[in-house]
Amino acid sequence: MKSLPILSRIVLSLKIDLVLISLFSCILIIYCSNPYVINPTEFILYTKYFIPVGFFVWLLASFRFHLLITKSTPLKWLAINELIQKPIRIVIKQISVAFICFLTLQILIAGIIASVIVINFSSGFDLFKLIFVLYLIYFALPFIWSWFTGLFIGIIYTYYSHKKAILFFGISLLWIVWVLSLEYELISFSIFIENRWPYIDPLYNLTTLKNNVIVKLIYLTCSIGVCFVFIKIRRSSIGFTLSAILIIFVSFTSYNVQSKSWHYENLLANDYKLYQQIKDKVQDNIKMTDNWRVMGIKIEAMSQYPIQIELTIDEKADVVRFSINEQFSIAQIESDEKNLAFEQQGSIVEVEPNGAQSMILYYKNTVGTSFYPLMSNAILLPFSANWYPQPTNLTHYTIDPSGNFHVNFETRHCEQVEIVFGEEDYSWEGDNLDCLSIIKGAYKQIEIQEMKMLVYQPFLTRKKNYIELQDRLVSIRSELCNLFNNLKDGDYCEEDIQTITIIPKSLNENPLSLYDGAISNGNFTFYVNPFLDVNHKPVTAHIEELSTFLIPYRLLEEEQLSYFISLYLIEKLDIESFGYLEWVMEGASITSEEWSGFAGLTIEEKEKELVQMATKIRRRD
């Protein structure tokens, strides 16, 4: 191309700018591909620091570069002397080639960062794709906006008016600072990264990617509109006024639309309400009834009633009583378009059917909690959440003596678990509903042999790691079933592994507890804190250690025995320990003498001791 030699000479004349760009890009790559981060998407945190700096680095470089391009091509002189037909094409070609080079650099940086993170986390292409896209959204789009802003300033400065260019730069600068202050809270700018949650938690980041892209593209389009105003309108005061109106309107509209999709305050408020509800709950032994059946479910997250459930009722039922997760409240219950009287106290709902053969439950409109969100772009309703009517009164949440809030996964018998993944709205009609999970958001569904896995995207890793986790869970099952005869009659020892679900737990909970797992007929659910130390090793390796005490506790519901079993399994199966057993034991009732005494036993002696402890517990119960 004829424009390449010209561009080469222009680039060589911008040595200081090239040094500045190289220095900034190298620092950005080093920080974003830091091998010591906790979460692979943690580099998003650095937008608060690198976007403002990078914006002005690329703005300065773009302005100086395009200023040289436009000055080297005197359009009016070439047009008057008719030396070249349509000389504007020369400028357009040079600008296009420069933008392609800039875009190539951004893609290259994204590829480097994604590759290093994938290597650090022993992961595969799925995580590479996620990191690559996140870089383009959170870093490249603002830098593209900066690049075009510098381009517009250069064009206005050379071909129109120095005064207009300075005015356009001034209004752009004020607008950019304002937007960055709103987006990245520059007022609280500090050298330490604070408040990770809103940045990388799935509810506030990965599930709002579409809105994030749209808002950034709107800002870029608005910049083009402002540039057009300054070019076409001769009077600077009128251009300034119209531009200010356009910028204010677009900024407030975009910010309000974006803030409505966050639900940050609503989720935290609902978490607090739920905490108070559980804290003040009075334990009761009200018996549930079995004179009803679930016949249909309808999920419409943005509807007035986001969950609608149809029940059939036995003909002679005087009362219908069932349990649901305390997070959900019933708005009304209808039968043949008539409201039925009902009472809800915590998790227990009691209905007077008055001879009705069926009824529809309408759940109150809510975005849910951070435990189980219910939004258009994030739905987390695993079967273990007990979000639809249950025939037994289950304990969904607990508060420990220290005041920590825990999700307690008590699951009923499941012949089969159906996972509905990625659906915007969902409807089910039929009978014999078993266990149903509806999940939408930042998750990836993977099929390995005959097993399904549903994984939170930042936890993605290589297929071989999922296979190793599956094999490890089988080994743990074999050891437990050989140790304890009373488990051999249970479904745990008979069922093959059907599904493994790895979900981030709410950050309102304790980072680690015995309640972070659920098991039902070959279906395993693990809730992992996104900020557990999962760097250097894939999340599957960490779940291997976690499962050594989560699974026994779910099966035996005996805290001390679960800890001893965990130590035995780690030693017997040669499981790499990351210290989670010691962490979860903090505050436990086990004395140091009891622990050291058991730890000093041989494998054979540990086996005998565990069997004796289990026998004593059964006799006591």
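Trainee: Which residues of α14 do the residues of α12 meet?
Mentor: This is a predicted model, where local features need pLDDT of at least 70 and side-chain atom pairs count only at pLDDT 80 or more, while totals for chains, interfaces and linings use all residues. Residues are numbered from 1 along each chain as its sequence is written, and side-chain values use heavy atoms, leaving out hydrogens and water. Helices are DSSP runs of H or I with at least four residues, strands are runs of E with at least two, both numbered from the N terminus, and contact means heavy atoms within 4.5 Å. From α12 come Asn-465, Tyr-466, Glu-468, Leu-469, Arg-472, Leu-473, Ile-476 and Leu-480, and they meet Thr-540, Ile-543, Glu-544, Ser-547, Thr-548, Ile-551, Pro-552 and Leu-555.

Trainee: How many nonpolar residues are in the contact of α12 with α14?
Mentor: Ala, Val, Leu, Ile, Met, Phe, Trp, Tyr, Cys and Pro count as nonpolar, Asp, Glu, Lys and Arg as charged, and the others, Gly among them, as polar. With 4 polar and 3 charged residues in this contact, the nonpolar ones number 9.

Trainee: Is α12 roughly parallel or roughly antiparallel to α14?
Mentor: The axes, lines fitted to C-alpha atoms over the stretch in contact, give angles from 0 to 180 degrees between N-to-C directions. Here, helix α12 (residues 463-483) and helix α14 (residues 539-556) have axes that come within 10 Å and cross at roughly 30°. Angles under 35 degrees count as roughly parallel and over 145 as roughly antiparallel, with 65 to 115 roughly perpendicular and the rest oblique. The crossing angle therefore makes the pair roughly parallel.

Trainee: Which helix gives the largest share of the largest nonpolar core?
Mentor: Such a core joins buried Ala, Val, Leu, Ile, Met, Phe, Trp, Tyr and Cys residues through side-chain atoms within 4.5 Å. The largest one has 180 residues, with Phe-139 and Trp-387 making the most contacts inside it. Of these, 18 residues come from one element, helix α6 (residues 125-159).

Trainee: Is Ala-269 partly exposed or buried?
Mentor: Ala-269 sits in helix α11 (residues 264-279), 100 residues from Thr-369 in sequence but 8.2 Å away in space, C-alpha to C-alpha. Buried means under 20% relative accessible area and exposed over 50%, with partly exposed in between (1.4 Å probe, protein chains only). Because its relative accessibility is 33%, Ala-269 is partly exposed.

Trainee: What is the phi of Asp-336?
Mentor: Most residues other than glycine have a negative phi. Asp-336 lies in the loop between β4 (330-335) and β5 (338-339) and is exposed, at 69%. Its phi is positive, near 55°.
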